[in-house]
Amino acid sequence: MNERIINELIESFGKLFMAGIKVSIPLTITSFSTGLVIAFIVALMQIAKVPVMRYLVRVYVWIIRCSPMIVQLFIVYFGLPSIGIKFSSFVSAWIVMSLSIGAYCSETVRAAIESVPVGQLEACYCDGLTFWQAMIHVVVPQALRTAFPPLSNSVIGLVKDTSLAYNVALVEVLATAQRIASRTYDYFWLYIEAGVIYLIFCSVLTVIQRKAEAAIERRR
Amino acid sequence: MLSLRNVYKKFGSNVVLNNVSLDVNQGDVVAILGPSGSGKTTLLRCAGYLTKADSGTLVMDDKEYDMRRISSKDLREYRKKVGFVFQNFNLYGNKTALGNVTLGLTVAQKMPKDEAEKIGRELLETVGLADRMDYYPSKLSGGQQQRVAIARALATNPEVVFFDEPTSALDPELTGEVLNVIKQLADEGRTMIVVTHEMEFARKVATRVVFMENAEIVEQNTAKEFFENPREERTKEFIYKSLTWASTEDKAKEEQAD
């Protein structure tokens with residue numbers, strides 16, 4: 001490792017980091033929040049035994065969980081345009097990753113909702129609340145606490161999975177590293193640097209997770 | 001004021017309520033006694049619409065309700081008039097003591113928050129928890145939790161309060177504080193139905209006692225008559241065994257000695 005490489009790495013670090021801040025992190029945040037909403041809807045459809053929908057959501061979970069995300073990305077980004085539906089790289093990745101989080105987290109959320117004692121739901125009924133009011137005010141807030149550690153895990157997994165969007169021409173951390181390296185041929189060092197960027201982001205998230213868990217624990 | 005008529009309920013092939021009828025008048029404190037599995041709790045849960053009966057009619061303030069099904073409008077109206085206290089308290093884990101009492105008022109009754117909190121504070125004071133209003137359930141003892149649950153059941157100022165074995169999940173030491181609150185309510189003239197195993201409580205606080213066994217009401221009478229002059233053989237046996245554990249043990253020993 002010579003001085004040229006060191007200078008190059010220092011220079012590229014900022015670019016990779018900014019690609020993370022501008023692309024990977026926004027993709028993580030948007031996909032995860034959309035996915036979480038989907039996960040709750042899927043879980044509640046099953047718990048409330050909504051006719052027809054409870055079976056349809058199961059088909060959705062089955063398809064998403066049993067096919068590779070990269071294939072889904074290719075279908076949305078390269079496939080859909082042939083039938084006239086065109087999404088940008090970012091939107092394609094957002095759609096696929098939201099659906100993926102929705103499917104994977106729905107089981108986590110369902111288990112967490114079911115871990116809230118059914119007696120509390122009955123108490124809500126006696127208080128005059130409807131099923132959905134009980135869910136919003138009593139059950140879901142407690143379910144979120146239980147689901148917090150596994151959901152944090154999913155967020156960290158998602159940060160790393162955003163690198164898959166490289167394949168649909170999204171210029172995120174890995175693509176940025178790739179572009180610089182194709183000019184300088186320092187693939188080894190630049191890919192390591194890309195890995196370090198992910199390491200930094202995920203470490204920060206891990207610290208946030210610990211702090212948040214402690215805060216939740218204080219409130220019960 | 002509240003009548004249950006011909007309540008019938010089966011779980012699978014097991015009949016748990018066989019045409020049970022019960023009338024409760026204003027100011028009554030009805031204690032429902034009986035061995036486990038006799039249908040006491042199911043009767044109470046059916047009356048609270050937590051379990052749907054297979055058939056039966058409920059009359060409340062001259063209004064008839066089908067116990068198999070009820071419109072959500074009727075149910076909302078009915079639930080305002082009754083309170084329910086559970087064996088396991090079932091407090092909302094994400095709400096403070098005060099939040100537990102006010103949730104029904106703010107969400108279901110659409111009452112402004114400060115008004116609901118005023119009612120909540122008063123009720124928590126009556127159950128002796130003025131200094132625990134901001135505590136979460138996990139920081140309260142069983143007896144305190146059950147008292148919060150009683151305050152919650154009283155939030156809408158219901159006409160009848162149902163208690164499903166309110167002290168069965170408590171340490172023996174803590175049952176007193178809960179029974180005292182229930183007695184205090186009885187003294188204020190509140191109408192209550194209490195499923196319980198506490199014989200002393202039934203004797204001292206209840207105005208009427210109902211004895212259930214095998215899905216049926218075996219005997220019902222005023223509390224005084226029930227304990228002093230039980231009519232049915234089975235009731236006599238139940239009272240004897242419940243109140244005189246020590247003497248039955250002595251008797252068993254004597255029999256062995258013979």
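## A tryptophan in a helix

A helix here is a DSSP run of H or I that spans at least four residues, and helices are numbered from the N terminus. With that in hand, we can start reading this structure, which is a predicted model. In chain A, helix α4 covers residues 89–115, and A:Trp94 is part of it.

Is A:Trp94 buried or exposed? To count as buried, a residue needs 20 or more other C-beta atoms within 10 Å of its own. A:Trp94 has 21 other C-beta atoms within 10 Å, so A:Trp94 is buried. If we set aside the neighbours within four places in sequence, A:Trp94 is in contact with A:Leu27, A:Thr30 and A:Ser31. For a partner further off, look at A:Val207: this residue and A:Trp94 are 113 residues apart along the chain, and their C-alpha atoms are separated by 25 Å.

## Helices α1 and α8 of chain A

Now find helix α1 of chain A, residues 3–47, and helix α8 of chain A, residues 187–218. The two pack with their axes 9 Å apart, at an angle of about 45°. Because of that angle, α1(A) is oblique to α8(A). The crossing in which α1(A) passes α8(A) is right-handed.

Which residues meet where these helices pack? From α1(A) come A:Ile5, A:Leu9, A:Ser12, A:Phe13, A:Leu16, A:Phe17, A:Gly20 and A:Ile25. Facing them from α8(A) are A:Trp189, A:Leu190, A:Glu193, A:Ala194, A:Ile197 and A:Phe201. Sorted by class, this contact of α1(A) with α8(A) has eleven nonpolar residues, two polar ones and one charged one.

## A turn of the backbone at A:Tyr185

Just a short step along the chain is a residue worth a look. A:Tyr185 sits in the loop between α7 (173–184) and α8 of chain A. Most residues other than glycine have a negative phi. The phi of A:Tyr185, however, is near 65°, a positive value in a residue that is not glycine. A:Tyr185 has 8 C-beta neighbours inside 10 Å, so A:Tyr185 counts as exposed.

## Helices α5 and α6 of chain A

Another pair of helices in chain A deserves a visit. The axes of α5(A) and α6(A) come within 10 Å and cross at roughly 135°. That crossing angle is why α5(A) is described as oblique to α6(A). Here too we can name the hand: α5(A) passes α6(A) in a right-handed crossing.

On the α5(A) side, the residues that meet α6(A) are A:Gln120, A:Leu121 and A:Cys124. Their partners in α6(A) are A:Ala134, A:Val138 and A:Val139. By class, the contact of α5(A) with α6(A) has five nonpolar residues, one polar residue and no charged residues.

## Where the two chains meet

How many residues of chain A are in contact with chain B? There are 16 in chain A, and they are in contact with 19 residues of chain B. Two elements of chain A give two or more residues to this side: α5 (118–126) and α6 (131–161). The largest share, six residues, comes from α5(A). Looking at classes, the side of chain A that touches chain B has seven nonpolar, six polar and three charged residues.

## A tour of chain B

Chain B has ten helices and ten strands. Its radius of gyration is 19 Å, close to the 18 Å that the globule rule gives for 258 residues, so chain B is as compact as a globular protein of that length. Along the principal axes, the C-alpha atoms of chain B fill a box of roughly 70 × 40 × 35 Å. Of its 258 residues, 46% count as buried. Among contacts in chain B between residues at least 6 apart in sequence, 62% join residues at least 24 apart.

Two asparagines in loops make good stops. B:Asn157 lies between α5 (142–153) and β7 (160–164) of chain B. With 11 C-beta neighbours inside 10 Å, B:Asn157 counts as exposed. B:Asn157 and B:Lys81 are 76 residues apart in sequence, while in space they are 7.4 Å apart, C-alpha to C-alpha.

The other stop is B:Asn214, in the loop between β9 (208–213) and β10 (216–222) of chain B. The phi of B:Asn214 is near 45°, a positive value in a residue other than glycine. B:Asn214 has 14 other C-beta atoms within 10 Å, so B:Asn214 is partly exposed.

Technical notes. Residues are numbered from 1 along each chain as its sequence is written. Chains are lettered from A and ligands numbered from 1 in the order in which they are written. This is a predicted model: local features need pLDDT of at least 70, side-chain atom pairs count only at pLDDT 80 or more; totals for chains, interfaces and linings use all residues. Two residues are in contact if their C-beta atoms, placed from the backbone, lie within 7 Å. Ala, Val, Leu, Ile, Met, Phe, Trp, Tyr, Cys and Pro count as nonpolar, Asp, Glu, Lys and Arg as charged, and the others, Gly among them, as polar. Axes are lines fitted to C-alpha atoms, for helices over the stretch in contact, and angles run from 0 to 180 degrees between N-to-C directions. Angles under 35 degrees count as roughly parallel, over 145 as roughly antiparallel, 65 to 115 as roughly perpendicular and the rest as oblique. A crossing is left-handed if the near helix is turned anticlockwise from the far one by less than a right angle, and right-handed if clockwise. The radius of gyration is taken over C-alpha atoms; the globule rule is 2.2 Å times the number of residues to the power 0.38. A residue is buried if 20 or more other C-beta atoms lie within 10 Å of its own, exposed if 12 or fewer, and partly exposed in between; C-beta atoms are placed from the backbone.
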